[in-house]
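Here is a friendly walk through a protein model, written for someone who would like to connect the sequence with the fold. Please keep the viewer open as you read.

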Amino acid sequence: MSSRKKKVERAAKKVAKKYPKVFITLVIILLVAAIILLAVMYVKKWGPFKVMAPPDHGTLLDGDEAEIAEAGLSIHFLELGNANAGDCTLIKCGNTEVLIDAGSKTNSTQTVKEYINKYCTDGILEYVVATHAHEDHIAALIGELNKNNGILYSYKVGTLIQFAGTHKEPLNNKGNKSLYGYYCDAVEYAKTQGAAVYTAKQCWYETDGAKKQYFLDENNTVSLNVLYQKYYDTDTSGTDENDYSVCTLLTQQIDENTAYNYLFTGDLEKKGEESLVESNSLPQCKLFKGGHHGSSTSSNDVLLEKIKPENIAICTCAGTYEYAKKPNAEFPESQAKLSTFPTQKALDRMAKYTDRIYVTTLGILKDDYSTETFVSMNGNIVFYYKDELKLYCSNNTTVLKDSEWFKANRTWNG
Ligand SMILES: [Zn+2]
């Protein structure tokens with residue numbers, strides 16, 4: 001040890017002996033400062049807390065509309081012809097079609113039917129799934145009220161799989177037929193036309209002829225699997241419909257060792273997602289329909305960690321205040337807009353797994369934050385398999401984080 005070091009040590013000891021309390025206080029201050037610094041680094045994701053970039057999922061080839069009809073499997077997320085968030089997913093496997101939900105309003109009916117007719121040429125929808133009893137998922141199944149022109153009236157339905165529970169009543173408190181009442185009528189009509197109608201619970205327990213797995217092709221390589229979550233069996237308590245959502249996994253066997261998985265969870269929220277993860281051995285997913293239109297209450301870490309989605313499609317009208325509190329004097333726009341769909345919180349969680357997030361529609365707002373109209377974001381989003389998975393969008397295939405809307409309204413924390 002150099003004599004200089006020894007001198008410094010001796011001096012320090014002298015100081016410590018003379019001023020023990022000051023010395024201890026100094027150490028405590030330094031410790032507290034270090035903890036604060038670490039906390040700031042953690043929150044800001046600096047240094048060792050830097051978020052790892054999402055895994056490289058390779059390139060997703062840009063598809064071609066003309067190729068979709070020849071594809072072995074295609075999954076379509078539809079634009080719904082208005083400025084309201086809503087779900088409608090069409091799956092086509094050969095001549096077999098599956099329709100999961102048909103929102104967002106009864107006036108979406110024509111738009112949805114015209115789109116289906118491009119791909120369903122025999123007037124038969126082999127499977128229809130109604131995830132839960134909210135308008136933005138069942139309105140176009142019903143169609144315009146009293147006109148009997150919705151999906152369930154216009155196509156021959158093979159098997160209808162619907163929610164096991166609801167708090168809706170067929171009559172509203174004024175004694176008039178509710179939207180759910182109209183839905184029940186449409187389901188009854190489909191039954192008279194030969195549809196087999198089951199709840200997700202019947203499918204899961206395979207009672208009354210229902211099954212939990214339906215093969216969509218002759219070679220049994222593509223299957224629609226009804227997953228379990230506890231709200232098939234239990235009340236969500238209160239008025240929450242979302243957690244009743246029917247959850248399905250589409251599995252496509254590519255070869256002996258490889259399967260591609262595509263997950264659809266309706267509007268399932270946190271408790272439902274937790275139950276879904278506990279109840280099924282969920283695989284890594286090529287594609288996930290972003291839960292509940294990209295709300296902050298869905299697409300939680302517990303689910304995303306399990307499925308590690310490579311691609312996410314969100315069916316919504318981005319940026320509208322349909323489901324969010326409008327800004328006011330105490331609630332600045334900069335804050336308020338973060339909870340419009342798709343929310344910053346949900347996107348932050350998704351960003352850990354992929355930057356390939358696609359959104360159907362974009363809302364155009366007036367100065368008072370009401371919605372003026374809508375335009376396409378990605379438009380109709382179609383993932384299809386032709387030698388490999390490809391993406392076609394009717395407007396463009398720009399990922400959300402690179403869109404002008406995103407740059408003006410959200411932050412990419414991936
Ligand atoms: Zn919804």
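Pro342 sits in the loop between helix H11 (333–336) and helix H12 (344–350). The bond that joins Phe341 to Pro342 is a cis peptide bond, with omega about -15 degrees. Helices here are DSSP runs of H or I with at least four residues, strands are runs of E with at least two, and both are numbered from the N terminus. This is a predicted model, in which local features need pLDDT of at least 70 and side-chain atom pairs count only at pLDDT 80 or more, while totals for chains, interfaces and linings use all residues. Residues are numbered from 1 along each chain as its sequence is written.

A second cis peptide bond joins Gly103 and Ser104, and its omega is about -10 degrees. Ser104 belongs to the loop between strand E4 (96–100) and H4.

**Backbone angles worth a look**

Most residues other than glycine have a negative phi, and most peptide bonds are trans. Two loop residues have a positive phi without being glycine, and the table puts them side by side.

| Residue | Phi | Loop | C-beta neighbours within 10 Å |
|---|---|---|---|
| Asn220 | near 55 degrees | between strand E8 (213–215) and strand E9 (222–226) | 10 |
| Asp387 | near 70 degrees | between strand E16 (381–386) and strand E17 (388–393) | 9 |

Are these residues buried or exposed? Asn220 counts as exposed, and Asp387 is exposed as well. The terms work like this: a residue is buried if 20 or more other C-beta atoms lie within 10 Å of its own, exposed if 12 or fewer do, and partly exposed in between, with C-beta atoms placed from the backbone.

**The whole chain**

The protein chain has 13 helices and 17 strands. Of its 414 residues, 43% count as buried. Its C-alpha atoms fill a box of roughly 100 × 55 × 40 Å, taken along the principal axes. The chain is divided into domain 1 (3–48) and domain 2 (59–409), with bounds that come from an automatic or database domain assignment. Between the C-alpha centres of these two domains there are 56 Å.

Two residues are in contact if their C-beta atoms, placed from the backbone, lie within 7 Å. Among the contacts in the protein chain with a separation of 6 or more, 67% are between residues 24 or more positions apart.

**Two sheets**

Strands count as paired if DSSP finds at least two bridges between them. One open sheet has nine strands in the order E1-E17-E16-E2-E3-E4-E5-E6-E7, with mixed pairing. Strand E1 (61–62) and strand E7 (196–199) stand at its edges with a single partner strand each, so one side of each is left without a neighbour in the sheet. Within this sheet, strand E2 (residues 73–77) runs antiparallel to E16 and is joined to E16 by five bridges. His76 has Val382 as its bridge partner in E16.

Ala196 lies in strand E7. With 15 C-beta neighbours inside 10 Å, Ala196 counts as partly exposed. Which residues does Ala196 contact, leaving aside its neighbours within four places in sequence? They are Thr159 and Gly209.

The other open sheet to look at has eight strands in the order E8-E9-E10-E11-E12-E13-E14-E15, again with mixed pairing. Its edge strands are E8 and strand E15 (371–376), each of which pairs on one side only. Strand E14 (residues 357–365) and E15 run antiparallel and are joined by five bridges. Here Leu362 stands opposite Val375 in E15.

**Two helices and their cover**

Helix H5 (residues 135–142) is mostly covered, as seven of its eight residues are buried. Those buried residues are Asp136, His137, Ile138, Ala139, Ala140, Leu141 and Ile142. Their cover includes helix H4 (109–119), strand E5 (124–130), helix H6 (151–154) and helix H7 (179–192). Just after H5, Gly143 takes a positive phi of about 90 degrees.

In helix H9 (residues 270–279), the buried residues are Gly272, Glu273, Ser275 and Leu276. They cover an arc of only 160 degrees around the axis, which puts them on the same side of H9; the arc is that of the directions from the helix axis to the C-beta atoms. Helix H10 (301–307) is included in what covers these buried residues of H9.
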